[in-house]
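Please open the model in your viewer and keep the sequence panel beside it. This tour goes from one selection to the next and says what is to be found at each.

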4 protein chains.
Amino acid sequence: MAIELTPTTEARRVADATRELVRARILPLEQEHDGDVAAAGGDAFRVHIQQLARDAGVFAPHAPVEYGGLGMDMRDRAPVFEEAGYSVFGPLAMNIAAPDEGNIHMLAHIASADQKERYLAPLCRGEVRSAFAMTEPAPGAGADPAALAATAERVPGGWRIDGAKHFITGADGAGFFIVMARTSGTAGDLGGATMFLAPADADGIRVGRHIPTIDRSMVGGHCELTFDGLRLPDDAVLGEVDEGYRYAQVRLGPARMTHVMRWLGSARRAHDIALGYSAERRLFGQRLGDLGMAQKMIADNEIDIAATRALLLTACAELDAGDLGTTATSIAKVYGAEAVHRVIDRSIQLCGGMGVSADLPLARLLSEVRPFRIYDGPSEVHRWSIAKRAVRRAARAREEVRNREDPRTGEKVSR
Amino acid sequence: MAIELTPTTEARRVADATRELVRARILPLEQEHDGDVAAAGGDAFRVHIQQLARDAGVFAPHAPVEYGGLGMDMRDRAPVFEEAGYSVFGPLAMNIAAPDEGNIHMLAHIASADQKERYLAPLCRGEVRSAFAMTEPAPGAGADPAALAATAERVPGGWRIDGAKHFITGADGAGFFIVMARTSGTAGDLGGATMFLAPADADGIRVGRHIPTIDRSMVGGHCELTFDGLRLPDDAVLGEVDEGYRYAQVRLGPARMTHVMRWLGSARRAHDIALGYSAERRLFGQRLGDLGMAQKMIADNEIDIAATRALLLTACAELDAGDLGTTATSIAKVYGAEAVHRVIDRSIQLCGGMGVSADLPLARLLSEVRPFRIYDGPSEVHRWSIAKRAVRRAARAREEVRNREDPRTGEKVSR
Amino acid sequence: MAIELTPTTEARRVADATRELVRARILPLEQEHDGDVAAAGGDAFRVHIQQLARDAGVFAPHAPVEYGGLGMDMRDRAPVFEEAGYSVFGPLAMNIAAPDEGNIHMLAHIASADQKERYLAPLCRGEVRSAFAMTEPAPGAGADPAALAATAERVPGGWRIDGAKHFITGADGAGFFIVMARTSGTAGDLGGATMFLAPADADGIRVGRHIPTIDRSMVGGHCELTFDGLRLPDDAVLGEVDEGYRYAQVRLGPARMTHVMRWLGSARRAHDIALGYSAERRLFGQRLGDLGMAQKMIADNEIDIAATRALLLTACAELDAGDLGTTATSIAKVYGAEAVHRVIDRSIQLCGGMGVSADLPLARLLSEVRPFRIYDGPSEVHRWSIAKRAVRRAARAREEVRNREDPRTGEKVSR
Amino acid sequence: MAIELTPTTEARRVADATRELVRARILPLEQEHDGDVAAAGGDAFRVHIQQLARDAGVFAPHAPVEYGGLGMDMRDRAPVFEEAGYSVFGPLAMNIAAPDEGNIHMLAHIASADQKERYLAPLCRGEVRSAFAMTEPAPGAGADPAALAATAERVPGGWRIDGAKHFITGADGAGFFIVMARTSGTAGDLGGATMFLAPADADGIRVGRHIPTIDRSMVGGHCELTFDGLRLPDDAVLGEVDEGYRYAQVRLGPARMTHVMRWLGSARRAHDIALGYSAERRLFGQRLGDLGMAQKMIADNEIDIAATRALLLTACAELDAGDLGTTATSIAKVYGAEAVHRVIDRSIQLCGGMGVSADLPLARLLSEVRPFRIYDGPSEVHRWSIAKRAVRRAARAREEVRNREDPRTGEKVSR
């Protein structure tokens, strides 16, 4: 299992083309619309910029080749997505924005041939958008998935789904939903969950208000969503009944990592802006970039970026090797989400008054990344799961020592 | 020199009345207008809410009694301004928002009787607003005041002022400006600066665009401003010619502290919201507020709030005793600006998805306080000045040891 | 309730005399013995340096006047103890080292007249030392006092005490012990504890090994201790039966604060050394103290010292007012213990290779203060208790809102 | 350029054998002698434990095969050295302790065939030790190499070397020295330096006192050293005259990384101890490892260890590819040195009172790693150099943009 520090030729080519596309075409659009995708035109704007990416040959780099994608593995995606993330509109242009990117990844792994044809193919081609309907208002599923409250009951001919969701990214305007609902047990115990594919125009789906959040780069908002007697046929089940939590893991690990890739691009952009400013701005008779406290911030940015990238590549290698990468992706997610926030915050500080003005995009980038310490599992939940696994490992090791038989006597060793 | 931990009776009375006013009348208005003072109506809104404060008997607590204020010293202001800051509109209502509050403080100390009558009196009564025109675009005065580029030259009958300013808070709609301009030396060396009082309708003053920043609670924006052949009579000089840097210190120390008081109110509000959420929200079968990592954030909030308040009161006692309080106010400003930011950031984290939504005011409060680590001297400049004084003190102490004569021989002690 | 930033005349006089004593007489002895009290002679050394403090008129500033002390309150102690702590041997010289200092404080509050005559009087005079026997080896009382395992049972004529203690500071050579033992309930529930006074030569007390720790300034070590059928008469009970936990609070709050005072002296000393070094050492063509990253560390030291002092004085004012000061002392303890560690660590870093050598006392000071983040309640336990109280307060406030009757209808307000 | 996350078969074999050796044979010896190599017997002890490593087939894994080593590249060394570092005596046993390990690396790259035979060969075999004499007392070479004060002058038949060095690790008992002396320019400007090989018994070399530092695992101490008229022949020059600074880079990059590898082993050990404790110790009715604040510390340890390892492997891949790896090794060094310190500090905190006692090796490990934030370039110097390169890169990029000719007009683009 190796990490290519020098990306493969193909990855390099696509990353370079992405870089060119983003800087020449996408960044000017981002500046023009101040990073606000709704103000830029929402889905019409999406269609426009996705064509730019198609023309540049970098559309859907992660999608299966049979659906028009480039079929890249996680490690190859890393440099490409990072270049895309240099603009907050870059991922959308390339059809690698959340949640579609993660949904494509998951459907490619789990969907049946028919489901792929019906849902995955148009999604890969950018003909529709999708949403992943898992998170629920309190006291439902959020940081704690076991609290899942939405239910799916068997009814003649299929299933009936009821429940409320919120913070469903991209829901407004999505062509279909992947719905997570409880099929056994009750809220609070883990029980079993199942994923369903539901066309957006089905009866019983109501997209509610956009929850106003501080990020503005995602088409279709973060919405409230209600399922009220939604009927779905049996072939709407994605994979197997009661296997939803397991599939969620298939989606969540890689989705976390592609988030990190994209935000790393944002962090690098903020850092580049601060570096450029530090190289020119003079005060106290010196270049800003030659003042010790500025140098400390610059160096810490470089360290944070390097460490994020190194942890990211490590986790990607595990995922490509077929592991769930649970600990490695949690580590890269926690570190990455906190590091990109620090990098942008320091970049603001370096640019002084300009840093908090809209004359530079820094404050806006900070608003884009702040939620990432919460979305996809708050830092605290990932730390909890990292620690739980470490303690369990230690407890097991101690147990083994205790249970080891003395080779001479055949008796258990006491401590 | 004492700190009253239990505020004086008068301070307690005004703080309590302020608390009542802010919670009953001002917070609902803040919620209604989402903390955006321009959207709320700008100066018309100001006039409306200032009447509420007058009716509550808490208007202009810092202004001299002869101009209708309550004449409070710095220590008494602390609990009152903190209660006012609980809403981002509270200080405006009470006429203690930046920059008027600091201008009132400075004019009360420095202005002539005539100047007080003409400028200070209507300012205390809330009839006009004012602005403090010091900061300049690069490479002019900013973190480094010695870079001051705007000039005032003597001309027959007075002065002619030329130069560009930016980030001038409250400039749009101000009744008058306090202008800082160079009267000796050249940009880059310290030389001498002078302060002038200029009515806003004088020829040669042009208020430019509002620099779009992430805070939205200040009437009149943060503006660009140009002086182009502005003519002012001799009696427009505030205090003495060439004493501008010294007067700036008179203004800046207290102004820093009142900033800390107000933002401390914001931090406490964010913390209260997070506490309320933590006391109700349940996950993983427990109350959020009973989970260890949440408790750590809550405790760190309490510590940051307590330390900010303690440092603030210490600095206020020095100021009330007539000191410039240079080190004490720098320490309280650096610590306070960073601490209130941490408190609000942790409060967001505690509230999860809700924390980054506009359903709670937390993200908006974060945007209000983030600039404070830059405004009024970036943290780095304050740290630099704190360190410079400490090293100078140490160098002097070493020098004294070296120069001390040996009492027996009368010779200098060598190291 | 006021904090005197300018200490009272008496406090200033004693602090100045302490400063003179410590710098002229105690620091040279500390240097000579490399801060190792055992190597310096243990109790014989203590007797010697306590005479120096008596001669200087600064002995036992905290002890009641009737027992030869200066009867200072907590606020007056602060500047005096800080000066004493400038040398790790200073507190011992002045009879204000842990645990005797805290024991004097508690006995003055709780002991009967007879107990005072027998135990407190000689302790104040420095004729004997004492130890406070509370902490137990796992799974007994430590961070969690409710785990108290040592028991005291009523027997004819008094009590019988059994149990193991560890980390009992000063146990070796102590003249008497204050013993905490369970008198109702069982380990794990809180139940009731009682404090007993036991002469060190009583049958059934066995002082075990000195647990080797990284600090070396405390006479009598941190020992293991066993009570095995220790018989004590009824008048050995300190205060009331089953009130031990409450008395422990009486001792712990002030004892925490005097710890902070003393370690603050150590931090200031480390900072002074680093400042002196920074003022002289030149590298990269500049004075070390003029390099930005060094200035950042210096400023952060100043901030940490100022904040510790401000929080400390706040907590002392509460204690002097008769409060238990539970939250205020926890805040000052957590902040102070972490801050003094940071200050000394930065001082080491500023001095480079010299900082980790024994040519400067910095590394040794770091070893002295590191345990303070654990002793007297680990930072985590204090944070837990700070948070618990804050959440309880918030829960109660919510409850009140819910229970408030609508004034018009007399009905409970629903949320 | 790839990083093998799964080490090569050979690296795995050697790492496993190292692990077995260290846990079965070396750790018990470390415990017995409390990690004090001098107390354990110094060089005699070294000879003893090096035989254990030879017997285990893991001796000198980094040394060239022709001199009996295993010829491993940097990436393969990483897992092996980390296992060695699990005990502070492990690296010594395997002949991969500083400074010999770095000296072997450098001599293999730079020495002439004769020099290799005379110096490198016996060093690889563990027959002698060596020292690297570069660092000087103030105001000489330290963090700032340009301050180099020791001089080498040409004299008939060779060179004469004079100057003082300090903190020369392993000097006492070394068989030879690599001496860095100025051969052109003067102290304060960079000028030129040359490296010389000097047998320890040459006239004019005086090994002075061991500077007492807080680490105790290195044979031969950190010594003061004086060259007083040391005469060396021409063939004592290592490489070319005036190329010393360049060679120092050849040594320093890899030496930094092997330091990180070894200390990472120490950090992992501390973490394992804390995990074991957390898995067993119960308080407040729960397992310590199930308390949220403990989980936070445990997770942060896991993150710090993972990030250190990822940054380390990245830098090693650059070095193996023939780069100097200046930025990558600085980043890995700064992050690694600070991270291992944090990991051990948290491990102490998790273990409470036990953590600061000598019953666990944690406090001692902390003392071993604390100097690493200073040795091999203080964190501040590495940050300064990371930032300087980043700003230079940004300045150059801006310059290029400015100098770019407009393709249509042939004129320079103005900003």
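What radius of gyration would a compact globule with 415 residues have, and what does chain A have? For that number of residues a compact globule would have a radius of gyration near 22 Å, and chain A, with 23 Å, agrees with this. Please keep in mind throughout that this is a predicted model.

**Chain A as a whole**

Select chain A and colour it by secondary structure, which brings out twelve helices and eleven strands. Turned along its principal axes, the chain has C-alpha atoms that fill a box of roughly 75 × 70 × 40 Å. Of the 415 residues in chain A, 58% are buried. If you draw the contacts in chain A between residues at least 6 apart in sequence, 72% of them join residues at least 24 apart.

**Three annotated stretches**

Next, select residues 8-127 of chain A, for which an unreviewed UniProt entry lists "domain: Acyl-CoA dehydrogenase/oxidase N-terminal". This stretch is 66% helix and 0% strand, and the C-alpha atoms at its ends are 30 Å apart.

Move on to residues 131-228 of chain A, which the UniProt annotation, again from an unreviewed entry, gives as "domain: Acyl-CoA oxidase/dehydrogenase middle". Here the chain is 0% helix and 51% strand, with the end C-alpha atoms 17 Å apart.

Then select residues 243-390 of chain A, covered in the unreviewed UniProt entry by "domain: Acyl-CoA dehydrogenase/oxidase C-terminal". Over these residues the chain is 78% helix and 3% strand, and 26 Å separate the end C-alpha atoms.

**The nonpolar core**

Which residues touch the most other members of the largest nonpolar core? Among the 561 residues of that core, they are F196(A), F196(B), F196(C) and F196(D). Centre the view on F196(A) and show the residues around it; leaving aside neighbours within four places in sequence, F196(A) is in contact with A152(A), W159(A), I161(A), V179(A) and A181(A), and also with L232(A), A236(A), V237(A) and L238(A).

**Unusual points in the backbone**

Still in chain A, go to the loop between α5 (90-93) and α6 (100-110), where P99(A) is found. The peptide bond that leads from A98(A) to P99(A) is cis, with omega near 0°.

For another cis peptide bond, switch to chain C and select A138(C) and P139(C), between which omega is near 5°. P139(C) belongs to the loop that runs between β2 (130-133) and β3 (151-155) of chain C.

Now return to chain A and select strand β4 (residues 158-169), in which F167(A) lies. Although F167(A) is not a glycine, its phi is positive, near 55°. Is F167(A) buried or exposed? F167(A) is buried, because 26 other C-beta atoms lie within 10 Å, and the cut-off for a buried residue is 20 or more.

A further positive phi, of about 65°, is found at N95(D), which is likewise not a glycine. To see N95(D), select the loop between α5 (90-93) and α6 (100-110) of chain D. N95(D) counts as buried because it has 27 C-beta neighbours inside 10 Å.

**Where the chains meet**

Show chains A and D together and select the residues by which they touch: 36 residues of chain D are in contact with 36 residues of chain A. On the side of chain D, at least two residues each come from β1 (2-4), α8 (244-280), α9 (292-320), α10 (326-355) and α12 (379-403). The largest share of this side, twelve residues, is supplied by α9(D). Coloured by class, the side of chain D that touches chain A shows 24 nonpolar, six polar and six charged residues.

With the two chains still in view, superpose them: a turn of 180° with a shift of 0.0 Å along the axis lays chain D on chain A with an RMSD of 0.0 Å. The two copies are therefore related as by a two-fold rotation axis. The same surface serves both copies, since 100% of the contact residues of chain D recur in chain A.

Finally, hide chain D and show chain C beside chain A, where five residues of chain C are in contact with five residues of chain A. On the side of chain C that touches chain A there are two nonpolar residues, two polar and one charged.

Conventions
Residues numbered from 1 in each chain as written. Chains lettered and ligands numbered in written order. Predicted model: local features only at pLDDT ≥ 70, side-chain atom pairs only at ≥ 80, totals over all residues. Core = buried A, V, L, I, M, F, W, Y, C linked by C-beta atoms within 7 Å. Buried ≥ 20, exposed ≤ 12 C-beta atoms within 10 Å, placed from the backbone. Contact = placed C-beta atoms within 7 Å. Least-squares fit on C-alpha atoms with pLDDT ≥ 70 in both. UniProt positions renumbered as here; feature names shortened; annotations may be inferred. Helix = DSSP H or I, 4+ residues; strand = E, 2+ residues; numbered from the N terminus. Nonpolar A, V, L, I, M, F, W, Y, C, P; charged D, E, K, R; others polar. Rg over C-alpha atoms; globule rule 2.2 N^0.38 Å.
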